[in-house]
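Me: I have a structure open and would like to learn how to read it. Can we go through it feature by feature?

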Amino acid sequence: MNTINVIAPYRYHGTWVFDDPRVDLVQEPFISGADTLIDLAVANIGGADRGFFLIFSCEHFPGYVIQLTWCRSDMLGNWYYSESLDHEAWLCPALLKYFDDVPKALYLQCKAKPEDAKHPSDWSVEGQQCIAARHCDSNEPALPVRPRGSAAHLMPREPAHVMPDPYLSPSHPLGAPAWLRLTAVLILFLIVIGNLMFVTMGLLNGIRPRRYVFLFSVWVMGITGLVMLARLWRALVLQRVSPPSEPPT
C-alpha cells in the first residue's frame, strides 16, 4: 500500500465522486457527511466542482491541512471527526483499498488542479500522483481551512495579460500598416480613374491617328491598374477578416 495517496474528486449529478482505476473504483461517491466535509475543505478553491487533488495518508506529511480522527465503526464503514472543521464524516469500506487496516487517523490536503486540466476521468492515476507530488514538495503555503458556517471568499481572477501590438495606437485602431495600405489603394484608384477618363475624353474629341499608340498604352495601364486594385483590395479584406495567428510556443 502507498504511504501517500492521491485522488481527484469532482461533482457528478450534485454528488462528490472520484475515479481510481488502480483500485477498480469508478464514480465512487462520498456520502453521510463526507460530502459536506469536502464542501468545507474546498470552500476557497475556485472551480473545485470540475475536480481537485485530494492527498491523504495515515501518516503526517508536509503540507497536510486537515486531520481526521477515528471515532467508531458503523455498517462496514468508519466515522471520523475533524476538529478543525468541527464535522463528522462516514467513510465507506473503499477506504480499505488504500490501507491494510482501518487507520486511526487520516491527514488530508486539498490542492487546486491546473485550469487547463482535463476532466478527472481523463487523468491517469500516475499523472495525478505526479502533479500532486510536485505540489506537495513546493514551498506554496497550505490552503487555509475555514470553520463550518463561515462564508467562502473567492478571490477574483486577474485578467490574462495581453501583449500590446506595436503597430496599434489609440488614434489608429487599424494599425499603421493598414493605413498605409489604404492610402496606397486610394492613390492607385485615383491614377486608374484619371487614365481611363483621359483616354475616354480623347476618343470622344477625335484624336489624330499618331496618338493611337499612346492612348492604347494608357488604356492598357488603366486596365492593369484595375486588376492590381482588385487584387490589393481582396488581400486587404482577407487580412482584416482572418483570425490572428497563435504566437509560437
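**Reading the model**

Reply: Start with one pair of side chains: Asp39 and Arg11 meet in a salt bridge, with 2.7 Å from N to O. The pair links distant parts of the chain, since Asp39 is in helix H1 (residues 34-41) and Arg11 is in strand E2, 28 residues apart. Keep in mind that this is a predicted model.

Me: How many salt bridges are there by this rule?

Reply: The rule asks for a side-chain nitrogen of Lys or Arg within 4 Å of a carboxyl oxygen of Asp or Glu. The count comes to four salt bridges.

Me: Are Asp39 and Arg11 buried, exposed or partly exposed?

Reply: Partly exposed lies between the cut-offs of 20% and 50% relative accessible area. Asp39 has 33% relative accessibility, so Asp39 counts as partly exposed. Arg11, at 29%, is also placed in the partly exposed class.

Me: Which residue meets Arg22 in a salt bridge?

Reply: The partner of Arg22 is Asp20, at 3.7 Å from N to O. Asp20 is found in strand E3. Buried means under 20% relative accessible area, and Asp20 has 1%, so Asp20 is buried. Arg22 is partly exposed because its relative accessibility is 36%.

Me: How far is Asp20 from Val6, in sequence and in space?

Reply: They are 14 residues apart in sequence, and their C-alpha atoms are 9.3 Å apart in space.

Me: Which residue forms a salt bridge with Arg72?

Reply: Arg72 pairs with Glu88, and the closest N and O atoms are 2.9 Å apart. Arg72 lies in strand E6 (residues 66-74) and Glu88 in strand E8 (residues 87-91), so the pair ties together parts that are 16 residues apart in sequence. Arg72 is partly exposed with a relative accessible area of 37%, and Glu88 is partly exposed at 29% relative accessibility. Elsewhere, salt bridges that share partners join Arg11, Asp39 and Asp49 into one network.

Me: Next, the overall fold. How many helices and strands does the protein chain have?

Reply: The protein chain has four helices and nine strands. To read their order, follow the chain from the N terminus: the elements run β-β-β-β-α-β-β-β-β-β-α-α-α.

Me: In what order do the three strands of the open sheet lie?

Reply: A sheet is read across its strands. Here the order is E2-E3-E4, and the pairing is antiparallel. The edge strands, each of which pairs on one side only, are E2 (10-12) and E4 (25-29). From one strand to the next, the twist averages 45°. E2 and E3 (residues 15-20) pair over three bridges in the antiparallel sense. In this pairing, Tyr12 stands opposite Thr15 in E3.

Me: And what is the order of the open sheet of six strands?

Reply: The order is E1-E5-E9-E6-E7-E8, with antiparallel pairing. E1 (4-7) and E8 are the edge strands, each pairing on one side only. On average, neighbouring strands of this sheet are turned by 30° against each other, direction ignored. E7 (residues 77-82) pairs with E8 in the antiparallel sense over five bridges. Tyr80 stands opposite Ala89 in E8.

Me: Which strands does H1 lie across?

Reply: H1 lies across E5 (52-57), E6, E7, E8 and E9 (105-112), and runs at about 125° to E8.

Me: How many disulfides does a search of the whole structure find?

Reply: A disulfide is a covalent bond between the sulfur atoms of two cysteines. The search finds zero disulfides. As for cysteines, Cys58 counts as partly exposed at 30% relative accessibility, and Cys71 is partly exposed with a relative accessible area of 31%.

Me: What share of the protein chain is buried?

Reply: Buried residues make up 32% of the 249 residues. Contacts can also be sorted by separation along the sequence. Among contacts between residues at least 6 apart in sequence, 64% join residues at least 24 apart.

Me: What is the mean pLDDT of the protein chain?

Reply: pLDDT is the predictor's confidence in each residue. Its mean here is 75, and 64% of the residues reach 70 or more. Over residues 135-174 the pLDDT is below 50, and this stretch has 49 contacts in the model beyond near neighbours in sequence. Over residues 243-249 the pLDDT stays under 50, and the model has zero contacts for them beyond four places in sequence.

Definitions and conventions:
Residues numbered from 1 in each chain as written. Predicted model: local features only at pLDDT ≥ 70, side-chain atom pairs only at ≥ 80, totals over all residues. Heavy atoms only, no water. Pairing = 2+ DSSP bridges. Helix = DSSP H or I, 4+ residues; strand = E, 2+ residues; numbered from the N terminus. Axes fitted to C-alpha atoms, helices over the stretch in contact; angles between N-to-C directions. Buried < 20%, exposed > 50% of the residue type's maximum accessible area, 1.4 Å probe, protein only. pLDDT = per-residue confidence, 0-100. Contact = heavy atoms within 4.5 Å. Disulfide = S-S within 2.5 Å.
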